[in-house]
Structure formats: structure tokens, C-alpha cells
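This report walks through one protein model, beginning with an enclosed space and a metal site and ending with some points of backbone geometry. The sequence and the coordinates come first.

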Amino acid sequence: MLNPRSLNATLLSFVAVAGAQFASAQQKVAMDPNFHIPIAPTGLAARPLPDHPVEFDTAEGQKIRVVVVTKALEYPWALAFLPDGSMLVTERAGRLRIIRDPGRNGVLDPKPVAGAPASYWAGESGGPGAVHGYMDIALHPRFAENHLVYLTYTKPLDDKKRTTAIARGRWDGSALTDVKDIFVLPEASTSRIAFGRDGMLYMSTTGRDPQDPNTLGGKVLRLRDDGTVPPDNPFVGQAGHRPEVYTLGHRSALGLAMHPGTGEMWENENGPNGGDEINILKAGLNYGWPLVSYGRTYQGPWQVSPPGHVGFEPPVVIWIPAIAVSGMTFYTGDKFPKWKGDVFVGSLREGEIPGTGHLERILFNENMEELRREAMLREFRQRIREVRQGPDGLLYLLTDAKEGAVLRIEPAP
Ligand SMILES: [Ca+2]
């Protein structure tokens, strides 16, 4: 029979053991020593894309068919449609490609477009420290008259140094001519570009000091079509402010698109582990990074506590966990009536798990407040880098892969 003292000791040791078990219940997650982020798990293996069109039901009753136009692109990044319906596609390794008739039998020209600038790239797309060569592409709003094409790319300066530039060239029907840099950043950056209704070229940047109005990193810049600064930019003439800056406090923008109704520029950006955002850009406003965010740091704690955007311009959409937002577009066509006005956003991976990329659709009310959100094409397990509407009213996606694909979404018959 136990005496009270030994019973007490037994209980105490049980409590101590249980406590130790509780404290060690969480496993230790391996961290990358260089980037101080968790080493990603294996995730879900990407599935080979289907050889035949695949049909899916979707939430609004819009039955779709997905067609693989080509899978012979290497890490495609962005696309733009020429007036004849051909598609220009950038590849991150610094090649510009053309696909003719992408809405029907899509033929990828095996030769890259001549005349495009030399670029630098490094690392594996999606891996820590990756540098993209070619990034975004945009046509001038009056392309039909002037044939001007704009590219953002990582520009080698010498053996060791590089930066990011906007190159502008003239499309002569098969190649770029008269190519020159119209704007060069002081440091390398990931970048999207888009023309606004005001005819200005908006450029998102990444980098240090998003809160410092006297630097160009972590900002959205507003430029004229020749790369010079328009005189009505919000900080023109203010001491300690770069005149190119339109908005500040951005983390890692990967989507930029003009709202077809309001003409406002919408931007999406990646939070760390959670806190991806869509923002509506307004001249001179501060969007908060890194002072405010809804996300957690890669190590686990909230980026700020309490999370939120007190005193700063809040996002219109947030994601927790992160979906690794990428390209973004508004749907304005008539092929998918139920999707009119909706925002489509590419996801590279969700919740830090490889193999979970997909396409998201967001429905807003007339006040730009979110009503519904739908994830599509998870079955493919692909990183969706880009989404754009074609002149035919269909949606076109790029997958971020070594055997990168153009996918076409059309209504199922
Ligand atoms: Ca923000």
C-alpha cells in the first residue's frame, strides 16, 4: 500500500513527465540558415498536365473546359496579346516567345523573338533568393499606332552587379527593334508593370525601405510612357521624396491590373507566412509594410500585434494562410457571364506547401467589398504565375514550371 508521501511523489513525477511531454509535443522544424525561413516540405508532387481538355464544375454554375495550349515554355512569367490575337510570353531565363492562334490550335514559334535585351537570372523559381530574368510585359495603350512593347527585366551591369530596368522596343511584326532602357532602378527588384487609364506606366518594386519615400524599393512608381516623371505625381517637389513614387509600404508585389470600371490601379502583394493582400492604389498613400500586416513572420509570431492596418491604408482582400499571389486580372468578357467583373489571381502555393498552387476568383459588391471567393484547378497541382483575359474573352494562365504551360479556360459546351 502506498503511503501519502510516496503517492504525492508519484503524482508529482507524473505531472512533471506530462509537462515535459506537453512542452515537447511540437516538433522542431528545420530552418534554412541563410534565409531564416522553414525549409519547405516535399509537398504534393505536381501532376503531368492532361493531353486532352478537362472539364470542371465551378461554384457559380459556370462549367469550364481547360485546354493545354503548349507546355514547351520554361518558367513563363507574363503574357500580352497582340492585336492579331498572337500571344507574347516572357520566360524567366530571359527569352521572349510568341504563340500564334492561342485561342484555337496555338503554335509556339520554336525560336525566341529577336532583339530582346540580355538579362541575368539565378536560382530556382520559388526557391529562396531566386532572381528572375524577364518579368512583366505590357503593350502601349496606343500600340496599334506606335507598336511599342515594354518589358521589365533583370539587367546585368557587370560581372557581379545587376539591377532591374524597363526596356521599350518597337514590334515590327516578328522582332523587337529600337530597344532601349527607358527606366533603370538603383537595385534589382521583382516587378510588374501596367498602363493606367491616365496613360501612365505603373511599376511595382520590391526591396529595402518600403517606408522610406526617398528610395524606390517596396513602392509602386508612376512614369510617363518614355520613363520620365509626370509632374502631377504625389511627391514631386517634396524634399526627401523620390518624385517617381506613387504609393509606398509594399512588400512583394506580383500583380498589377487596372479596374475596368473605376480606372483605379489594383495591386496584389505577398505577405510572409500569411497576409497576402490586394490593395487599391491611391496617390501618395502608405500601405503599411513592414509596420502593419495581417500576416505572421516566417518564424511564427504575428508580424505585428495586434495585426491590422491602423493608421495605414488597409487592403481590400487578405489571405491567411498565404496563397503566394501572382498575376491578377479583371474579367470583362462575355464568354463567362457569371464571372463578369470578378478578379482572378494566380496562386503559386498555399500555406507554404509546394504543389498547392491554383487559380482564385473573387466576387466583389459595388463597393469593392468581398462577397465570395473560389479556388479552382487545385487538381493540377501547378504554380499559377499569370492570368490574363484574351481578346476572345477566354482566360489564359501560365504555369511556373520547367515544362511551363499556357492553359486556356473556355466555357464547356
Ligand atoms: Ca499592407
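## The largest cavity

Which residues line the largest cavity? In this predicted model, the lining consists of Arg 251, Glu 269, Asn 270, Gly 271, Gly 275, Glu 277, Tyr 287, Trp 289, Val 292 and Ser 293. The volume of the largest cavity is about 40 Å³, and by class its lining comprises 3 nonpolar, 4 polar and 3 charged residues.

## The calcium site

Glu 277 and Tyr 287, both of which line the largest cavity, also belong to the coordination of the calcium ion, where Glu 277 contributes two OE entries, Tyr 287 its O atom and His 309 its NE2 atom, at 2.3 to 2.6 Å. Along the sequence these donor residues follow the spacing E-x9-Y-x21-H. Glu 277 belongs to strand 19 (residues 276-280), whereas Tyr 287 sits in the loop between strand 19 and strand 20 (317-319), so the pair ties together parts that are 10 residues apart in sequence. Glu 277 and Tyr 287 are both buried.

The loop between strand 19 and strand 20 also holds Pro 290, and the peptide bond leading into this proline from Trp 289 is cis, with omega near 0°. Trp 289 is itself among the residues that line the largest cavity.

## The second largest cavity

The search of the whole structure finds 2 cavities of 30 Å³ or more, and the second largest holds about 30 Å³ of space. Its lining is made up of Pro 117, Val 149, Tyr 150, Leu 151, Ala 167, Arg 168, Gly 169, Leu 176 and Val 179. Strand 10 (148-156), strand 11 (162-171) and strand 12 (176-184) each supply at least two of these lining residues, and the classes are 7 nonpolar, 1 polar and 1 charged.

## Nonpolar cores

In soluble globular proteins, nonpolar side chains tend to be buried together. Here the largest nonpolar core has 31 residues, and Ile 64, Leu 377 and Ile 409 are those with the most contacts inside it. At least two residues of this core come from each of strand 4 (64-73), strand 5 (76-81), strand 6 (87-91), strand 25 (384-389), strand 26 (395-399) and strand 27 (404-411). Another core, of 23 residues, lies apart from the largest one, and among its members are Phe 143, Val 149, Leu 176 and Ala 324. Val 149 and Leu 176 also take part in the lining of the second largest cavity.

Leu 377 lies in the loop between strand 24 (370-376) and strand 25, and its relative accessibility is 5%, so Leu 377 counts as buried. Leaving aside residues up to four places away in sequence, Leu 377 touches Phe 56, Ile 64, Val 66, Gly 357, His 358, Leu 397 and Ile 409. Although Leu 377 is not a glycine, it has a positive phi of about 60°.

## The second largest pocket

The second largest pocket has a volume of about 860 Å³ and is lined by 32 residues, of which Phe 195, Met 258, Thr 329, Arg 388 and Gln 389 lie nearest its centre. At least two lining residues come from each of strand 5, strand 9 (134-139), strand 13, strand 17 (253-258), strand 21 (325-330) and strand 25, with the largest share, 5 residues, supplied by strand 17. By class, the lining divides into 19 nonpolar, 8 polar and 5 charged residues.

## Further points in the loops

A positive phi of about 60° is also found at His 147, which is not a glycine. His 147 lies in the loop between helix 2 (143-146) and strand 10, and at 33% relative accessibility His 147 counts as partly exposed. A cis peptide bond, with omega near 0°, joins Ile 320 to Pro 321, and Pro 321 lies in the loop between strand 20 and strand 21.

Gly 341 is placed in the loop between strand 21 and strand 22 (343-347), where its 38% relative accessibility makes it partly exposed. Not counting residues up to four places away in sequence, Gly 341 touches Phe 330 and Tyr 331. Gly 199, in the loop between strand 13 (193-195) and strand 14 (201-204), is likewise partly exposed, with a relative accessible area of 30%. The C-alpha atoms of Gly 199 and Leu 223 are separated by 9.3 Å, and these residues are 24 apart along the chain.

Definitions and conventions
Residues numbered from 1 in each chain as written. Predicted model: local features only at pLDDT ≥ 70, side-chain atom pairs only at ≥ 80, totals over all residues. Heavy atoms only, no water. Donors = N, O, S within 2.8 Å, 3.2 Å for Na, K, Ca; no water. Helix = DSSP H or I, 4+ residues; strand = E, 2+ residues; numbered from the N terminus. Buried < 20%, exposed > 50% of the residue type's maximum accessible area, 1.4 Å probe, protein only. Core = buried A, V, L, I, M, F, W, Y, C linked by side-chain atoms within 4.5 Å. Contact = heavy atoms within 4.5 Å. 1 Å grid on protein atoms, 1.4 Å probe; cavity = no way out; pocket = protein on both sides within 12 Å on 5 of 7 lines; lining within 4 Å. Points joined across faces, edges and corners; volume = space filled by probe spheres on them. Nonpolar A, V, L, I, M, F, W, Y, C, P; charged D, E, K, R; others polar.
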